[in-house]
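Me: Please take a close look at a single part of this structure and lead me through it step by step. I would like each term explained when it comes up.

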Amino acid sequence: MTQQNHSAVTEFILLGFPGSPYLQISLFVLFLLMYIVTILGNMAIIILVVTYRRLHTPMYFFLVNLSFLEIWYTTSSVPKALDIFLGKSKTISFTGCLLQIYFTFSLATTEYFLLSVMAYDRYLAICYPLRYSTIMNRSLSVQLAIGSWVSGFLVIALLVSLISQLSFCGPNVIDHFYCEMDSLIVLSCTDISTIEMLGLTISVIVILGSWVITLLSYVYIISTVLRIPSTKGRQKAFSTCSSHLAIVLLLYVSTVLLFVKPSVRHSLELTKTVNIINGIITPLLNPFIYALRNKEMKEAMQNILRGR
């Protein structure tokens, strides 16, 4: 009977955003434009940092990691959504679904770790400027980046392995534009309480853990900045972390609504909406936030455009 349950559903149908053909084409154009801008914007950040020597610092090394992550985070969900909007392929195999869940959640988890590492980097730079280059050397920067990536992918592995053991007896329609975990597990005909509890535990540890690190870093940063006697000095110090702070606020506000909840069965529409913010809009805005709010990035772009 167990084997029959596992083999009853071998693929799923992604519902996307039901509506008229005009709505589907409009969504396709919108998602495609956002996807292209996201890829080009984050690629521009990577190329800019790699080619401009003055940006070869730990802060921009972490920014390159973040931009690289955003490219793959968006790519893990948007191309399939574009297929759905065009009506080409709304089905996805169970294995494909598991892989999409694994990569989207692993990349999202890695993003929280990277953002907390970037907050710690800004804390060291502002609170210990004379010792910063000694503490945050190349070796530590690489270790923190690798640790963020490895931890992000390992944390989600156990959760996905448990999801792979679920039985699906029908229906097989996922109310989402990609194979998202909450939308999948509610279709299971077996008990999902363990997965819900593990998912909530991981969410609390990852989100609140990185939030505490980020919050404490900024408490010390703000305390240090306020002790700087000149207004110009305070503005210069805080400008080095204002871009990071803007991204953190955008991500955490939306994420609290998405992950920190006791049950998934009555929150699928909210999940779909917030996934657009986290998986598409945030990666889209990151390059613009850093390009427009960061003085060094603007100078680097101007110098490269002038051929210097």
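Reply: Strand β3 (residues 173-174) runs parallel to β1 and is joined to β1 by two bridges, and two strands are said to pair if DSSP finds at least two bridges between them. Helices (H or I, at least four residues) and strands (E, at least two) are DSSP runs, numbered from the N terminus. The model is a predicted one, in which local features need pLDDT of at least 70 and side-chain atom pairs count only at pLDDT 80 or more, while totals for chains, interfaces and linings use all residues. Residues are numbered from 1 along each chain as its sequence is written, and side-chain values use heavy atoms, with hydrogens and water left out.

On the bridge between β1 and β3, I13 has V173 as its partner in β3. I13 also has a bridge partner in strand β2 (residues 91-93), namely T91, and here β1 and β2 pair in the antiparallel sense over three bridges. Together the three strands form an open sheet in the order β2-β1-β3, with mixed pairing. Because β2 and β3 stand at the edges with a single partner strand each, one side of each is left without a neighbour in the sheet.

In a regular strand the side chains alternate between the two faces of the sheet. Strand β1 (residues 11-14) shows such an alternation, for F12 and L14 point to one face and are buried, whereas E11 and I13 point to the other face and are not buried. Buried means under 20% relative accessible area, exposed means over 50%, and partly exposed lies in between (1.4 Å probe, protein chains only).

Helix α5 lies across β1, β2 and β3 and runs at about 85 degrees to β2. Axes are lines fitted to C-alpha atoms, for helices over the stretch in contact, and angles run from 0 to 180 degrees between N-to-C directions. In α5 we find C97, which counts as buried because its relative accessibility is 0%. C97 touches I92, I174, C179 and L184, if residues up to four places away in sequence are not counted; contact here means heavy atoms within 4.5 Å. Although C97 and L184 are 87 residues apart in sequence, their C-alpha atoms are 8.5 Å apart in space.

From the sheet we can follow α5 to its neighbouring helices. Two packed helices are described by the angle between their axes and the distance between the axes. Helix α3 (residues 58-75) and helix α5 (residues 94-127) pack at an angle of about 165 degrees, with axes 10 Å apart. They are therefore roughly antiparallel to each other, where angles under 35 degrees count as roughly parallel, over 145 as roughly antiparallel, 65 to 115 as roughly perpendicular and the rest as oblique. The crossing of α3 and α5 is left-handed, which is the word used if the near helix is turned anticlockwise from the far one by less than a right angle, while a clockwise turn is right-handed. The residues that meet include F62, L66 and L69 in α3, and L107, A108 and L114 in α5. Sorted by class, the contact of α3 with α5 has 14 nonpolar, three polar and four charged residues; Ala, Val, Leu, Ile, Met, Phe, Trp, Tyr, Cys and Pro count as nonpolar, Asp, Glu, Lys and Arg as charged, and the others, Gly among them, as polar.

A108 itself, which lies in α5, is buried, with a relative accessible area of 6%. The C-alpha atoms of A108 and L69 are separated by 8.7 Å, although the two residues are 39 residues apart along the chain. F103, also found in α5, counts as partly exposed at 40% relative accessibility.

Helix α5 also packs with helix α7 (residues 138-163), at an angle of about 145 degrees and with axes 8 Å apart. Their crossing is right-handed, and the residues of this contact divide into 18 nonpolar, six polar and no charged.

Finally, α3 and α7 pack with each other at an angle of about 20 degrees, with their axes 10 Å apart, which makes α3 roughly parallel to α7. The crossing of α3 and α7 is right-handed. Among the residues that meet are F61, F68 and L69 in α3 and V142, L144 and W149 in α7, and by class the contact has nine nonpolar, two polar and no charged residues.
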